[in-house]
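Here is a set of short questions on the inside of a protein. Look over the sequence and the fold, then work through them.

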Amino acid sequence: MKKTTLKKFVALAMCATMCVSMAVGCGKKEETTAEKGGKTTIEWWTPNWDEVESREMAAEFEKEHPDIKVEIVVTDWDTYKSKITTAISADNAPEVCTMLLTDVAPFATKGLLEPLDELGKTAGIDFDDIVKPALDITSVDGKEYGVPFRYDGSGIYYNIDMLKAAGYDAFPETWDEMVEMSKKLSKDGVYGFAWPLGNQANATTRFVQQIYTYGGDVLDADGKCLLNTKESKAALGNIVDSIKEGYAAPGSSEFDNTTMRESFGQGNLAFLLSGPFDVDTLKTDYPELNFATAVIPGIDGMGVTTANGWCVALAAKSENKEAAAEFIAYITTPENQARLTDSFPASKTAMEYEKFATEELKPFMEQLNNSKAEPSYERWSEMEPIIFQYMQNAVSGSMSVDEACEAMTKDIDVLLAN
């Protein structure tokens, strides 16, 4: 989701710093959360792609609040959730953690996060300035457990030159039209598109997005799995058929979001399903690429995108909650939200900034009008690998679409019954 090339380069260059920070963060507890030397020390666990901006904000905040010291612990995409889970479950937990919006509810229902309604308002957090769909994801039982600073979903990138050569002057508006276009474009080692089936999270997100477009869902209100419905079978059928019929890359089982972007940039795919964060990366890495963006095609018009984002949350077991809330209020001002995101901020005020009003970003903004949050079920981390395995079985041909959907539904219902 999520990173520009520049940020990734900086993050790699600062790898040693990250490792030292993680080592310090995991072992110091009382030393960083207690008041010492006349200062209150708080920790902020922030991802490596935001490290530069995070350190700048910490220094700025310290200058304005000389009685508070902010210590940065850097996380990374592959391990951040497991490390944060361990950290916020312990006594003397870090005060502030950056996490996915959809990770908030599972943590909050376990009592690991502090409600921010009163603390946040006292510190100056303007919840009314946060877009409602983002805030809905971080709310549990009417209480706010996170302050979103980024909210976005996927759209379509397409190669203008390829489409023109095939007789198209715009991207199709429906899925069926897109399929016909993809078939026409798929030749000589070039394909219409690809699926990120080599990565569990990426693959299941695309499957769920397809389910949403058909009007389906993963679970019903009673917690019963819906992955054997006609909507889910149609969604998985689209994935399987596209590869079987040769208009999606046959190597999709080896792709993740990054390799799909690279393949699109290199001219091997006519279009790419991805988020707004890839605009700058494509411009930087492939300056000769002539591309434009569009909304996702659906059944009769715009399809549905899964949406997610990032927020800052306060650990329930941390010390110095008032100081941490002040820092969260500073991080999530409109100006700082704009600094922390490569796609869209969650602040209504920041969304009006000129940097978010480009031609490439407009379709992504429009697409958010037809968005639905990625799954945030308490046991989603256990459900996801089940879905992924049966998706692989269907794509490989070892199971039919119907068999795979029925099997994943049965296994998930058994899981959730225990």
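Q: In this predicted model, which residues lie nearest the centre of the largest cavity?
A: The model is predicted. The lining of the largest cavity is made up of 15 residues. Those nearest its centre are Trp-175, Phe-193, Trp-195, Phe-271 and Leu-273.

Q: Which element gives the largest share of the lining of the largest cavity?
A: Two or more lining residues come from each of helix H10 (175–185), helix H11 (200–213) and strand E9 (271–274). The largest share is three residues. The element that gives it is H11.

Q: How many residues in the lining of the largest cavity are charged?
A: The nonpolar group holds twelve residues. Polar residues number two. That leaves the charged group, which is one.

Q: What is the volume of the largest cavity?
A: A cavity is counted here from 30 Å³ upward, and two reach that mark. The second largest cavity holds about 30 Å³ of space. For the largest cavity, the volume is about 110 Å³.

Q: How do the residues lining the second largest cavity divide into nonpolar, polar and charged?
A: Trp-175, Gln-210, Thr-213, Tyr-214, Asn-238, Pro-297, Gly-298 and Ile-299 form this lining. Trp-175, Tyr-214, Pro-297 and Ile-299 fall in the nonpolar class. Gln-210, Thr-213, Asn-238 and Gly-298 count as polar. The division is four nonpolar, four polar and no charged.

Q: Which residue's side chain makes a polar contact of 3.0 Å with the side chain of Glu-360?
A: Glu-360 sits in the loop between helix H17 (348–351) and helix H18 (362–367). Beyond four places in sequence, Glu-360 touches Val-279, Lys-283, Phe-291 and Thr-293. The side-chain partner at 3.0 Å is Lys-283.

Q: Which helix gives the most to the largest nonpolar core?
A: Nonpolar side chains tend to be buried together in soluble globular proteins. Here the largest nonpolar core has 79 residues, and Met-99, Leu-113 and Tyr-151 touch the most other members. The top contribution is eight residues, from helix H15 (residues 321–331).

Q: Which alanines does Leu-113 contact, leaving aside neighbours within four places in sequence?
A: Leu-113 is one of the core members with the most contacts to other members. The contacts of Leu-113 include Ile-88, Met-99, Val-104, Phe-107, Tyr-145 and Leu-314. The alanines are Ala-108, Ala-313, Ala-315 and Ala-316.

Q: How many residues are in the other core, which lies apart from the largest one?
A: Ile-156, Ala-292, Ala-294 and Ala-407 are among the members of this other core. Its residue count is 56.

Conventions:
Residues numbered from 1 in each chain as written. Predicted model: local features only at pLDDT ≥ 70, side-chain atom pairs only at ≥ 80, totals over all residues. Heavy atoms only, no water. 1 Å grid on protein atoms, 1.4 Å probe; cavity = no way out; pocket = protein on both sides within 12 Å on 5 of 7 lines; lining within 4 Å. Points joined across faces, edges and corners; volume = space filled by probe spheres on them. Helix = DSSP H or I, 4+ residues; strand = E, 2+ residues; numbered from the N terminus. Polar contact = N/O pair within 3.5 Å; in protein donor to acceptor, adjacent residues only side chain to side chain. Contact = heavy atoms within 4.5 Å. Core = buried A, V, L, I, M, F, W, Y, C linked by side-chain atoms within 4.5 Å. Buried < 20%, exposed > 50% of the residue type's maximum accessible area, 1.4 Å probe, protein only.
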